[in-house]
Amino acid sequence: MAKVIIWSSLKSHTGGEANLEIAAANVKDLLARLGETYPGLQPQLQRGVSVSIDGVIFRDGWLQPLKPDSEVVLLPRMVGG
Amino acid sequence: MPLDNTESQTRKFKVVGTRPIRPDGIDKVTGRARFGADAVAPGMLIGRILRSPHAHAKIKSIDASKALKLEGVKAVVTRDDFPDKTDGDAALYDVLYNVMAREKALYEGHAVAAVAATSASVARQALKLIKVDYEVLPHVTDVDEAMKPSAPVLHAKIFTDGVEPKPKKASNVVRRYEFGHGDVDAGFKKADVIVEQSFKTEATHQGYIEPHACLANVGTDGQGELWVCTQGHFMVRDTCARLLGMDMSKLRVTASEIGGGFGGKTTVFIEPVALALSRKANRPVKVVMSRDEVFKATGPTSSSSIDVKIGCTRDGRIVAGDATLRYQGGAFAGSPVEFGAMTAFAQYDLDNVRAIGYDVVCNRPKQAAYRAPGAPMANFAIESVIEELAHKVGMEPIDFRIKNAAREGTKSSYGPVYGPIGLLATLQKAREHPHFRAPLGKNQGRGMACGFWFNFGGQSCVTLNIGVDGTVGVVTGSPDIGGSRASMCLMTAEELGIPYEKVRSVVTDTGSLGYNDVTDGSRTTFATGMACILAARDAIKKLCARAAQIWGIPEDAVTWDAGFAKPAGGNAGNFPPMSLKEIAAQAASTGGPIAGHHEYSADGAGVSFATHICDSEVDPETGFTKILRYTVLQDAGKAVHPSYVEGQFQGGAVQGIGWALNEEYIYGKDGRLQNAGFLDYRIPVCSDLPMIDTVILEIPNPGHPYGVRGVGETSIVPPLAAVANSVSAAVGVRMCETPISPPKLLAALDRKSGMKKAAE
Amino acid sequence: MTAVKVSTKINGDAVDFVCEPDETLLDVLRNRLGLTGAKEGCSTGDCGACSVTIDGRLTCSCLVLGAEAEGHDIGTIEGMAKGEKLHPLQKKFLEHAALQCGICTPGFLVAAKALLDHNPRPTETEVRFALAGNLCRCTGYDKIVRAVMDTAAEMRRA
Amino acid sequence: MRYESPTTLQAASQLLAKEKGSAYVLAGGTDLLVRLRTGFIEPDLIVDIKRIAGTRTIAKTATGFKIGAAVTGAELGENAALKKAWPGVVEAANLIGSKQVQGRATMTGNLCNASPAADSVPALVAAGAKAVISGPKGKRTIPVEAVPVGPGKTALKKGEIIEALVLPKRPPRSGDAYLRFIPRTEMDIAVVGVGVSLTLDAKGVVKDARVALGAVAPTVLLVPAAAKAIIGTKLDAKALDALAAACSAACKPIDDKRGTKDYRIKVAGVLAKRAAKIAAQRAGGK
C-alpha cells in the first residue's frame, strides 16, 4: 500500500483525511483508484495533477512504478515560465 | 524517468562547463536572425485586431459590412468565426474566449474582431468601420474588491471550489487552495515572538522586447503553415488545431527566433486569429502586435494581496507559519496562487505550516506564466516578515535563516521530503562573500532573501544525425530563448567525445520531429539536454555496432571511449581504436546513415534555491531608491555553459528589481490601463543598475546524468524581498507594497518622521 | 496619400525608394528594403531596438519619417561588419555572451558603436547612460556593459 | 496626408496657413511621430522645417544666443560657448529622452508640445528666453512662458512658426541649473522639474533670480515669489527654506500615474533648493 498525501483543501473530498493508503502498481493506477474511491477528487484529477514519489517530482510520468512503501504526494499540475 | 546518475557526482567534464560562442551568435550580431515579425510571404496580407475599449461590456452586435466594402479588405473575423470546438475542456474554452471575445468583453483590449487587408493602413481604416454595439457593465480590477460580495461578477458559472459547503451564489473567487502540515494554532502557542503583516503586489509584465508576431498561411485543402515567435510551437500547433478544427498533422508550425518570453509566450493570442483570417482570405496573413496591445492584451502576471503570520521562539526557531494569499489572474480562472501557496514557506524547515490561496478573476487580461509563476509575490511577503522576526529576536537575518533553513530530509511546506538541496550552501557562501561585509554609508542598507522554485522536466524528442564527415547535427523542438542551442551542442559533444565545433544544433518545425513541450519551467537544458545525451548514447550503440561489424567481432565486445570505438579488452581482438569520423565515413557501405534518437517525458528535475544580497541607497527627500550592489548565489546543479547560467541569474534578478521598485499596471477608475508603453511601464534601464555579481554553486541533481538543474526561474523569486529589506535597513521603514515607488516611499518616510515628532 | 520619392545612402550604397508620407524610416527599412535587422519593439522611441545612424548621429528609426531621409546617409546593423570581418563590438558581444534572445542586440550594437565613435574611453557610468535608451529584458545589462568596456579597451590597444 | 519640406520660412507659413485640414510642423519629430503612430493625430499636412536656412544653427549674437528651431539636443550639448553661458538650459535639453532622442529632439519642439512636464521649458523660462515667431503677418517675439497656454495648447496662430529661441547675454557672476525628478535614472517624463537662474553681486549676494517649475500645473510656472525669497540673500538655510516654501506654495498639481499632488508639492521645494545651490556655484559663489 503506497502512502498518498493530498493537499489540505482536498480533504473535504476524503472525509477529512490527508494521508491515504492506496494499493497501486504505478501512478496511473494510483490516480484511477483515487478517483474511484473519492469521486470528489475527480474534477481536480481531470484539471491535472503532478505527483512527487519519495521526494522526486513527476509531471507526466504516469507509468512510474510504485514501491509498496512509496510516499506519493499529490500536487497541482506543475507550470513554469 | 530518472536514471541512476551516480556518475553525476564524480564525472570529470571535458566540454561541459566551458564557454564557447553560441551557434546562432553570428546571425544575432549581424541582424540576420529572423524573428517573428521578420518573415514575409508572397501575396501576404496584414492582419489587425479590433479591441474592446471597455473593461467589462456585453457585446450586443458586431457589424462589419462597411469594413468589408472598403477596397483592399479581404477578410473580417469575429466570434462567429470561432465556434466552440473545445468539447467540454474548460481551460481550452477560456483560451478560445480570450482569443476572441464572445458574449462579453472582459477587459480593455479584449479582441472583438479582426481584419486582413492589403496594407497596414487599409487594415487600420477598416477597424474604424467595424460597428460594435456594447452594453457597458460595472467592472472590478482590484483583487480585494473583486472578492467582496458586492463586486460585479464576471462569470455566472463560477461557484467557489474548495470551500464547504459549496456556495450557491456565483462570485469571482474560482477556487480555494490549502497546503501545509502540522497544527499552526498549537505552534503559535509555543511562540515567544509573532510578526503579522499584510502585503500587496501590483501586476507586472514579462516585458519581452519582441511583440507577438506570426505569419499564417492556410490553404483551401485545410493544410496550413504558421511562422511564429513562441516558447512552444508544438503547443501552438495543438492549441490552434483544436480551436479551429484542423488536423494537427496538417498544421506545420515553425518557431522563429524569439525575442524574449519569460513565460509570456507559453500560450496563444494572435495565432488562431491569423490562421482564421488566412483561411477565410485564402492568402498569407501576418499579424504583429503593437506595444500597447502587448501590455493590454497578452498575459501579465497576477496582482496579489497577502497576509502573513510567523512565530518563533526567543532563540530564533520558527514554530509556526501561516499565510493567506489572494491572486487575481485576470478575466479567467487560473492565477498561479497555488504555486504562491506552495512556495511561500518552501525554504524553511517547519513543523507547523499552512498556506491558503484564493484564485480570483477580475477585469484584467488573462494572466500568463511569468518566470516562477506565483512565487515572487509570496516570497516578498514571507521574506519581509522573516527579516522582521530576526530583528525582533536580535539575530542576524542570515543566522536566523540558516537556523531554520530547509535541508535534505526536510518535509517541505508543500508536501514532499527534500533530497539533496543547495539552500544552506547558498546561505553559507553568502556569509563568506565579500559583499556581505562591505561597509555601508548614510541612508544605505543591505537586505537579503532566499528563494525557491520547483523546475520540471516534461516531454522532449531529439534526433541526432551523424554526417559522413564525422560532424553531428542535433535536431530539437525546444525554442532557444537564451542560448540553449549552445548547451545542447555542449552536452552532445561531451557524450560523443568530440569537439563542440563539430556539433550543430537546430530547432526544427512541428512537421519534422515528435512533440516537444514548451520551453518553460526551466526545463530545456535539463530535459531536452538529457534527451540529447540519451540520443547520443543511442548513436554510440550504433557506432559501436558498426565498428564490431567492420572488425568482425561481437557488438558487446566493443566499447566507446572519448570519441573512439575500442575492443572491450584483449580477448575481444586487437584492433586500433576507430574514431567517430572513421566509422561515419564508412556508413554507406556498413548499413547506411547513422542516427541517434530519444523521446521521453523527463522527470526528476531538481528543485532550485537561491540567496540574493542587495545594497541600496535611499534619498530621504525624494524617496528615490538606487541599487548600489547586488549578488546572486544559486545552485545550478551543473552549469553547462556558465556564461548563460550567469545570464539567467542576472536577468531574473533585474526583472525582480524592476518589480520591486517601479514596474506596475496602473488602472484608471474607468478600468483602462493608463501605462501601456515602455515610457510609463518602467522596466529597469542600463543606468539604473550596478553590475550583478553571481556565484554559481554546483550541487549535482541526481535526476540528470550531468547533475543539471533548471536555473531559469529561481532568480526572479528573492529580489522583491531583498530590495524591500535593503530599503528597510537603509531608512527604517517597512514597505509592504510593490512597487516601492518614490511617492509611496516618501509618504512612508513622512509618516515615520511625523510619528517621531509626535513622540517627542 | 501622395507617395514620396526619396534618395539616400544606406550603409554606403545609393538607395532610392518610394514611400507613403506617414511611413517611418523603420517601416521603409524593414518592409520596403528588406533590412530587418532594426527591430520594432515599441514604435515610440522608448526601447532603442530600431536604432540606426543618420549622418553618423544615433537615432530611433521609428521616430523618423522615411521622407526625411532624403539626401542623408543611413547606417544600420547590416552595415556594421565589413565583409567577413565582424566589428570588434560584434565579436565581444559573442565572447561575453552579451545577448540571450538577441532581439535588442542590433540596437545595442549600433548605439554602442555610436558611443565609441565619439568617446573611445568611456567609464562604466558613461556606457550605462549612453545605452539607457536601449532596453534589454534578458541580461540585466551586466554582460553588455562588460562587452562594450572590453571592446573600447581593445580598440585603444589596437 | 502630405509631406512638405520647404526651404524658406515664408513658404512654410504659406503651406500651414493655406491648409484646410490639420497641419503640423515637423522639427525633431520625437513627439509628433509618436502621436502620429498611436493614431492620436491624423494630419493632412506635415511641414518639415529642417531644410529652412537658419533652423539648424546656433548663432552667438551681440545680445546673446539665437538657437534655430530645429537644433537638436545633441547639437546644443556640443556647443561649448552655449554650454558655458547657459549650462542649465543645455542640461535641461539634454535630459529629454535617450541618446537616440537627443539626436533629433529640439527645444522648440519641446516648447511647442506645450506639455507641463517639458524638461527644457522651466530652464528656458528661468533663463528669460524669448521665442521668435514668424508668420503670414511677419515676425513677433514673445517670452517663452507666454507660448504654452494650456496642456497641448500654444499661443501660436494659424501659419505661425517659432523660427528660433533667443537667450540673453549673461552678466558676470551668473549661473543657472535645472533639476527634475524621475523614478528611474533615464527615459522618464519629469514628475517635477525646477529651473533656477541667478546672478550674484561681488559679495556673493543674489542680486537677480528667476525660478520656474514644471509638471506642477497645467503650464510651466514662473514663480516670482520664489525668486524674491532668495534675492538679497547668500542662499543661507533660511533663504533656501523660504525658496522651497514659495515653490511648494506655487504648485497646483494633480494626482496621476507619475506622481501624487503631495509628492509633487514636497519635491518641488526639495529640487528648488538643490538647483539654486548648483546655480550659485556656477555663478562663482560658494
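**Exercise 1. Find the chain pairs without contacts, and the pair with the most.**

Task: how far apart are the closest C-alpha atoms of chain A and chain D, and which chains share the most contacts?

Solution. Keep in mind that this is a predicted model.
- Step 1: start with chains A and D. No contact joins them, and their closest C-alpha atoms lie 27 Å apart.
- Step 2: try chain A against chain C. These two do not touch either, with 13 Å between their nearest C-alpha atoms.
- Step 3: now turn to the pairs that do touch. There are four of them, and the most contacts are between chains B and C.

**Exercise 2. Take apart the contact between chains C and B.**

Task: work out how many residues each chain brings, and which helix gives the largest share of the side of chain C that touches chain B.

Solution.
- Step 1: count residues on both sides. Chain C puts in 42 residues and chain B puts in 40 residues.
- Step 2: look for the elements behind the chain C side. At least two residues each come from α2 (88–95), α3 (105–118), α4 (124–130) and α5 (142–157) of chain C.
- Step 3: pick out the top contributor. That's α2(C), with four residues.
- Step 4: sort the chain C side by class. You get 22 nonpolar, eleven polar and nine charged residues.

**Exercise 3. Do the same for chains D and C.**

Task: describe the side of chain D that touches chain C, by element and by class.

Solution.
- Step 1: the residue count here is 21 residues from chain D and 26 residues from chain C.
- Step 2: on chain D, the elements supplying at least two residues each are β1 (2–4), α2 (32–37), β3 (45–48) and α6 (99–102).
- Step 3: α2(D) has the largest share of this side, four residues.
- Step 4: the class split for chain D is nine nonpolar, six polar and six charged residues.

**Exercise 4. Go inside chain D.**

Task: where do the domains of chain D start and end, and what does domain 1 of chain D show to domain 2 of chain D?

Solution.
- Step 1: get the bounds. The domain assignment puts domain 1 of chain D at 2–168 and domain 2 at 174–282.
- Step 2: the C-alpha centres of domain 1 and domain 2 of chain D are 24 Å apart.
- Step 3: 25 residues of domain 1 of chain D are in contact with 26 residues of domain 2 of chain D.
- Step 4: on the domain 1 side, α5 (87–94), α8 (120–127) and β8 (148–150) of chain D each give at least two residues. The largest share, six residues, belongs to α8(D).
- Step 5: by class, this side of domain 1 of chain D has 17 nonpolar, five polar and three charged residues.

**Exercise 5. Build up a sheet in chain B.**

Task: trace the strand order of the four-stranded open sheet in chain B, then place helices α16 and α17 of chain B on the strands.

Solution.
- Step 1: read off the order, β19-β18-β17-β23 (chain B), with mixed pairing.
- Step 2: identify the edges. β19 (503–507) and β23 (594–602) of chain B each pair on one side only. From strand to strand, the twist averages 15°.
- Step 3: zoom in on β17 (residues 458–466) of chain B. Nine bridges join this strand to β23(B), and the two run antiparallel. Val462(B) sits opposite His598(B) in β23(B).
- Step 4: add α16 (residues 484–496) of chain B. This helix lies across β17, β18 (472–476) and β19 of chain B, at about 140° to β19(B).
- Step 5: finish with α17 (residues 524–551) of chain B, which lies across β17, β18 and β23 of chain B and runs at about 145° to β23(B).

Notes. Residues are numbered from 1 along each chain as its sequence is written. Chains are lettered from A and ligands numbered from 1 in the order in which they are written. This is a predicted model: local features need pLDDT of at least 70, side-chain atom pairs count only at pLDDT 80 or more; totals for chains, interfaces and linings use all residues. Two residues are in contact if their C-beta atoms, placed from the backbone, lie within 7 Å. Ala, Val, Leu, Ile, Met, Phe, Trp, Tyr, Cys and Pro count as nonpolar, Asp, Glu, Lys and Arg as charged, and the others, Gly among them, as polar. Domain bounds come from an automatic or database domain assignment. Two strands pair if DSSP finds at least two bridges between them. Axes are lines fitted to C-alpha atoms, for helices over the stretch in contact, and angles run from 0 to 180 degrees between N-to-C directions.
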